[in-house]
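Work through these exercises with the model open beside you. Try each task before you read its solution.

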Amino acid sequence: MAAERPASRSLAELAAFVGGELLGPADLAITGVGGLSDARPGQLSFYANVQYREAYSATQASAVLVGRGEPAAAGRALVRVDHPHLAFARVSQLFHPPRAHAAGVRPGAHVHPEAHVDPLATVMAGAVVEAGASVGPGTVLYPGAYLGEGAVVGAGCTLYPNVTVRERCTVGNRCILHSGCVVGADGFGFALDLSVPEHVKIPQVGTVRIEDDVEVGACTTIDRATTGETVIGRGTKIDNLVQVAHNVRVGPLSLLCAQVGIAGSAELGMGVVLGGQVGVAGHLRVGDLAKVGGQSGVAQPVEDGVVVSGSPAVPHGEWLRTSVLLRQLPELVREVRALKKKLAALQPKGE
Amino acid sequence: MAAERPASRSLAELAAFVGGELLGPADLAITGVGGLSDARPGQLSFYANVQYREAYSATQASAVLVGRGEPAAAGRALVRVDHPHLAFARVSQLFHPPRAHAAGVRPGAHVHPEAHVDPLATVMAGAVVEAGASVGPGTVLYPGAYLGEGAVVGAGCTLYPNVTVRERCTVGNRCILHSGCVVGADGFGFALDLSVPEHVKIPQVGTVRIEDDVEVGACTTIDRATTGETVIGRGTKIDNLVQVAHNVRVGPLSLLCAQVGIAGSAELGMGVVLGGQVGVAGHLRVGDLAKVGGQSGVAQPVEDGVVVSGSPAVPHGEWLRTSVLLRQLPELVREVRALKKKLAALQPKGE
Amino acid sequence: MAAERPASRSLAELAAFVGGELLGPADLAITGVGGLSDARPGQLSFYANVQYREAYSATQASAVLVGRGEPAAAGRALVRVDHPHLAFARVSQLFHPPRAHAAGVRPGAHVHPEAHVDPLATVMAGAVVEAGASVGPGTVLYPGAYLGEGAVVGAGCTLYPNVTVRERCTVGNRCILHSGCVVGADGFGFALDLSVPEHVKIPQVGTVRIEDDVEVGACTTIDRATTGETVIGRGTKIDNLVQVAHNVRVGPLSLLCAQVGIAGSAELGMGVVLGGQVGVAGHLRVGDLAKVGGQSGVAQPVEDGVVVSGSPAVPHGEWLRTSVLLRQLPELVREVRALKKKLAALQPKGE
């Protein structure tokens with residue numbers, strides 16, 4: 001069962017679609033897309049980074065999306081565009097429209113009589129929609145997807161197998177929730193009672209609100225707020241195995257790479273980028289368009305537009321310098337020792 | 001579908017409930033609880049940390065739980081208590097008692113004829129209880145929860161959607177297992193046979209024993225022992241995406257923050273606190289009441305009561321000093337260079 | 001319900017089975033295996049590391065697998081072998097053969113009429129096999145396991161509860177997929193369109209190919225390729241909560257410890273070992289038999305056979321030296337200060 005694809009498109013048609021300049025045969029038939037190193041003849045690829053010049057030279061792709069300044073290449077069709085990666089995304093979407101599913105509640109699905117499932121939604125066998133929950137048109141719930149009481153999922157969403165959305169949480173339109181992700185588990189909130197002793201659970205009675213066009217990775221966990229809301233802003237994309245704690249607010253259009261952890265009540269601005277395995281401490285703000293390098297630990301607020309790295313995180317340039325100096329530490333120790341020796345030799349006798 | 005709440009309570013009633021001193025109208029009607037920044041009129045909040053003085057001043061809460069030394073505030077009802085956070089937890093529990101579910105095995109649940117499900121337990125559609133497994137009274141299995149052969153879950157537990165408890169593992173009373181967590185997957189144990197070559201699997205035939213009042217976070221994994229038991233002690237709380245390897249023993253009342261990883265056969269004492277993303281190496285002990293800072297890597301045993309940080313982890317004070325000195329490393333390098341220069345100028349000619 | 005075990009074996013039989021030299025009664029009945037500290041009388045243990053000499057002395061095991069050079073011990077049966085840990089694995093497998101399950105599609109399973117389930121496979125209640133998917137003989141799908149359209153799982157595999165294998169991904173023979181793992185979720189690929197602004201999704205239309213004898217840990221996520229394949233090589237073992245991004249290629253016989261994250265298009269060679277919580281940046285190669293210490297961040301290619309540590313990772317020996325020097329940094333600062341003072345004292349007046 002191969003992926004479904006539309007018939008081929010002419011290169012001219014694709015060039016026009018992405019507003020590009022065609023260098024090659026207008027009627028070249030393009031049957032799909034591929035990366036430089038895995039594309040086959042008949043496919044379109046893209047080249048956006050000189051790091052991949054070798055793969056570009058060797059690619060079997062029949063045509064390549066390139067930047068505006070890229071020179072013509074003998075024997076290879078090119079399409080010059082402003083943003084080759086973006087153009088590639090658009091063309092790939094053309095060749096791979098979202099999978100269509102027959103609407104309806106399938107046998108083996110468990111939909112509560114007081115749930116509201118749009119007639120144009122799809123609920124597969126083994127999916128569960130509880131009382132008061134709501135599923136919008138065009139939304140697909142795969143097997144094992146769970147929608148708790150009063151949870152709301154908008155239109156055009158996909159909940160892949162074994163996704164959990166707990167009670168009263170809300171998901172906007174056109175969101176993609178990958179397998180195993182958990183939206184709305186209890187936040188990690190306890191108060192120590194030394195007289196027992198025990199950790200007394202603080203009921204986590206808030207919710208999670210996921211805005212439109214958000215993607216949540218596999219086995220990512222987004223906890224419900226203690227009171228109030230945990231919020232994931234419009235168009236933000238979250239990778240796999242990410243932890244978003246209670247009462248966190250992530251602004252729109254941010255990118256959270258895999259295994260990031262954000263502690264309680266932290267606030268991320270718009271367009272923030274967190275590298276893989278980054279940790280962000282609780283109750284602080286990471287400003288708009290800030291970037292955090294992989295494995296960093298953000299323990300202090302980060303201003304808008306600043307790039308930080310390291311654990312604890314410092315401005316990226318400083319971190320780079322420190323990393324270099326760290327590797328020179330043995331040499332520094334040797335120099336200090338040599339200085340001591342020379343100085344001792346200079347000291348007047350008897351001192 | 002709003003969260004279920006009891007009718008409102010008078011502030012005097014609540015003050016008495018938490019043993020607090022009332023500063024305000026005894027008959028003030030409190031309808032719920034909220035954080036300082038999201039509480040609405042009619043709600044009770046708490047203020048325990050001067051860091052939030054601004055939010056305290058601006059809160060819309062009708063009354064606030066404060067420390068014993070907090071001065072009266074004009075136009076705001078206060079309740080003075082020893083531990084505002086703890087009192088908040090108790091009051092919040094009063095307003096948000098655990099969700100009651102009708103007992104019984106629901107249609108669409110799969111309960112093996114040789115399983116033992118207490119008549120007061122709830123097994124929802126799509127949950128599975130295998131042969132010889134046992135479910136105590138008041139325990140709730142949500143859809144997709146799985147209880148393997150001979151597994152035992154005590155009374156008053158909640159297994160949220162898509163929880164897996166593998167064969168022969170045991171869970172005590174009043175435990176909460178959040179969605180996607182996996183109890184009793186095989187430990188990571190192999191022996192290399194270079195003659196093939198292959199990694200030969202060491203059968204993981206031990207179990208996991210989770211004691212009473214434990215909470216296990218979403219997508220947290222607790223592996224079964226190779227032989228013997230992996231143990232999570234009474235009252236310990238584990239956040240999301242935590243890894244507990246085979247034969248680990250976690251003492252009672254510990255707190256493991258999100259994305260912590262504990263390697264095989266490590267032992268944590270009582271009341272240990274591990275910050276987010278901490279790693280603990282195998283076969284070592286972290287003593288009672290020890291604390292480990294976020295992102296630290298514990299590669300050596302930690303004595304009782306000690307606080308460590310860094311990767312590799314060192315005593316917290318040392319780590320703080322080193323962090324400061326690291327940021328001064330460029331200055332140190334400059335100073336050494338200047339010293340060399342001055343010293344060279346002092347050297348007798350011809351040397 | 002105890003684990004199933006065969007009848008006891010004589011120690012002579014077991015010694016012959018592992019090619020060992022028997023020091024003790026040939027007819028000693030061995031009923032199972034255990035670790036040094038949890039083995040009970042009647043059980044066989046192993047001793048391979050002097051670190052455990054104390055446990056070895058104190059063990060209640062009736063017999064112990066030891067190295068060839070281990071002296072005889074009064075009152076304890078020994079079996080001398082080349083590799084005690086490996087011999088233990090083999091004997092443990094003898095006592096704990098894989099759980100046999102009655103073949104067939106059980107009531108409550110959802111198997112599409114156009115799926116191909118071998119008559120010798122087992123599909124339990126609540127498992128789902130979509131159209132065009134294929135399940136080989138001897139393979140077991142536990143409840144909540146999901147096999148997408150056109151996905152292929154070979155012979156003798158185990159898919160534990162709540163495993164997801166998305167469409168068109170392939171799993172070889174004798175693989176074990178632990179609960180909650182997700183194979184074939186979309187890779188994290190977007191192109192920024194500033195004109196909207198939005199992150200445009202790059203369709204992830206490639207697949208995942210898992211070769212024979214691979215084990216995938218609980219809640220581990222292996223993303224499908226953008227185009228082409230993400231590959232996990234033969235005999236590689238992956239622990240829990242590991243992230244393998246799109247287009248990664250992991251060679252055969254590698255070991256990936258818990259919470260490792262590998263970014264897009266990285267390539268791992270054969271027999272690579274990554275410690276817990278390691279991060280590997282995208283688009284680089286970690287060579288054959290390379291080893292990476294726990295929590296390290298690999299930001300540069302690693303040559304064959306090299307051991308690296310730290311974040312960013314450097315050769316392990318260098319990392320060790322730097323770690324030691326870092327702890328001496330306060331002393332170094334003091335020395336430099338002392339040097340400055342002495343030098344100032346030596347300076348001619350008026351300078």
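**Exercise 1. Are H4(B) and H5(C) roughly parallel, roughly perpendicular or oblique to each other?**

Solution.
- Step 1. This is a predicted model. Take helix H4 of chain B, residues 316-327, and H5(C). Their axes cross at roughly 50° and come within 9 Å.
- Step 2. Apply the cut-offs. Angles under 35 degrees count as roughly parallel, and 65 to 115 as roughly perpendicular. H4(B) and H5(C) are therefore oblique to each other.
- Step 3. Find the residues in contact. H4(B) brings Arg321(B), Thr322(B) and Leu325(B). H5(C) brings Leu329(C), Pro330(C) and Val333(C).
- Step 4. Sort them by class. The contact of H4(B) with H5(C) has 4 nonpolar residues, 1 polar and 1 charged.

**Exercise 2. Describe how H4 of chain A packs on H5 of chain B.**

Solution.
- Step 1. Locate the helices. H4(A) covers residues 316-327, and H5(B) covers residues 329-346.
- Step 2. Read the geometry. The angle is about 50°, and the axes lie 9 Å apart. H4(A) and H5(B) are therefore oblique to each other.
- Step 3. List the contact. On H4(A) look for Arg321(A), Thr322(A) and Leu325(A). On H5(B) look for Leu329(B), Pro330(B) and Val333(B).
- Step 4. Count by class. This contact of H4(A) with H5(B) holds 4 nonpolar, 1 polar and 1 charged residues.

**Exercise 3. At what angle do H5(B) and H5(C) pack, and which residues make the contact?**

Solution.
- Step 1. Start with the angle. H5(B) and H5(C) pack at about 30°. Their axes are 11 Å apart.
- Step 2. Name the arrangement. Angles under 35 degrees count as roughly parallel. H5(B) and H5(C) are therefore roughly parallel to each other.
- Step 3. Add the handedness. The crossing of H5(B) and H5(C) is left-handed.
- Step 4. Pick out the residues. H5(B) offers Leu332(B), Glu335(B), Val336(B), Leu339(B), Lys342(B), Leu343(B) and Leu346(B). H5(C) offers Val333(C), Val336(C), Leu339(C), Lys340(C), Leu343(C) and Leu346(C).
- Step 5. Classify them. The contact of H5(B) with H5(C) has 10 nonpolar residues, 3 charged and no polar ones.

**Exercise 4. Which elements of chain C touch chain B, and which touch chain A?**

Solution.
- Step 1. Take chain B. The contact uses 53 residues from chain C and 55 residues from chain B.
- Step 2. Find the elements. On the side of chain C that touches chain B, helices H3 (84-95), H4 (316-327) and H5 (329-346) of chain C each supply at least two residues. H5(C) gives the largest share of that side, 8 residues.
- Step 3. Sort by class. That side of chain C, touching chain B, divides into 24 nonpolar, 22 polar and 7 charged residues.
- Step 4. Turn to chain A. Here 55 residues of chain C are in contact with 53 residues of chain A.
- Step 5. Find the elements again. Strands E21 (182-185), E22 (190-193) and E23 (198-201) of chain C each supply at least two residues of the side that touches chain A, and so do H4 and H5 of chain C. H5(C) gives the largest share of this side, 7 residues.
- Step 6. Sort again. The side of chain C that touches chain A divides into 26 nonpolar, 20 polar and 9 charged residues.

**Exercise 5. What turn lays chain C on chain A, and what axis relates them?**

Solution.
- Step 1. Superpose the copies. A turn of 120° and a shift of 0.0 Å along the axis lay chain C on chain A, with an RMSD of 0.1 Å.
- Step 2. Interpret the turn. That is the relation of a three-fold axis.
- Step 3. Check another pair. Chain C is laid on chain B by a turn of 120° and a shift of 0.0 Å along the axis, with an RMSD of 0.0 Å.
- Step 4. Compare surfaces. Only 20% of the interface residues of chain C are also interface residues in chain A, so the copies meet through different surfaces.

**Exercise 6. Where in chain B are the cis bonds to Pro197(B) and Pro312(B)?**

Solution.
- Step 1. The bond from Val196(B) to Pro197(B) is cis, with omega near -10°. Pro197(B) lies in the loop between strands E22 (190-193) and E23 (198-201) of chain B.
- Step 2. Ser311(B) and Pro312(B) are joined by a cis peptide bond, with omega about 0°. Pro312(B) lies in the loop between strands E39 (307-309) and E40 (314-315) of chain B.

Note on methods: Residues are numbered from 1 along each chain as its sequence is written. Chains are lettered from A and ligands numbered from 1 in the order in which they are written. This is a predicted model: local features need pLDDT of at least 70, side-chain atom pairs count only at pLDDT 80 or more; totals for chains, interfaces and linings use all residues. Axes are lines fitted to C-alpha atoms, for helices over the stretch in contact, and angles run from 0 to 180 degrees between N-to-C directions. Helices (H or I, at least four residues) and strands (E, at least two) are DSSP runs, numbered from the N terminus. Angles under 35 degrees count as roughly parallel, over 145 as roughly antiparallel, 65 to 115 as roughly perpendicular and the rest as oblique. Two residues are in contact if their C-beta atoms, placed from the backbone, lie within 7 Å. Ala, Val, Leu, Ile, Met, Phe, Trp, Tyr, Cys and Pro count as nonpolar, Asp, Glu, Lys and Arg as charged, and the others, Gly among them, as polar. Copies are superposed by least squares on the C-alpha atoms of residues with pLDDT of at least 70 in both. A crossing is left-handed if the near helix is turned anticlockwise from the far one by less than a right angle, and right-handed if clockwise.
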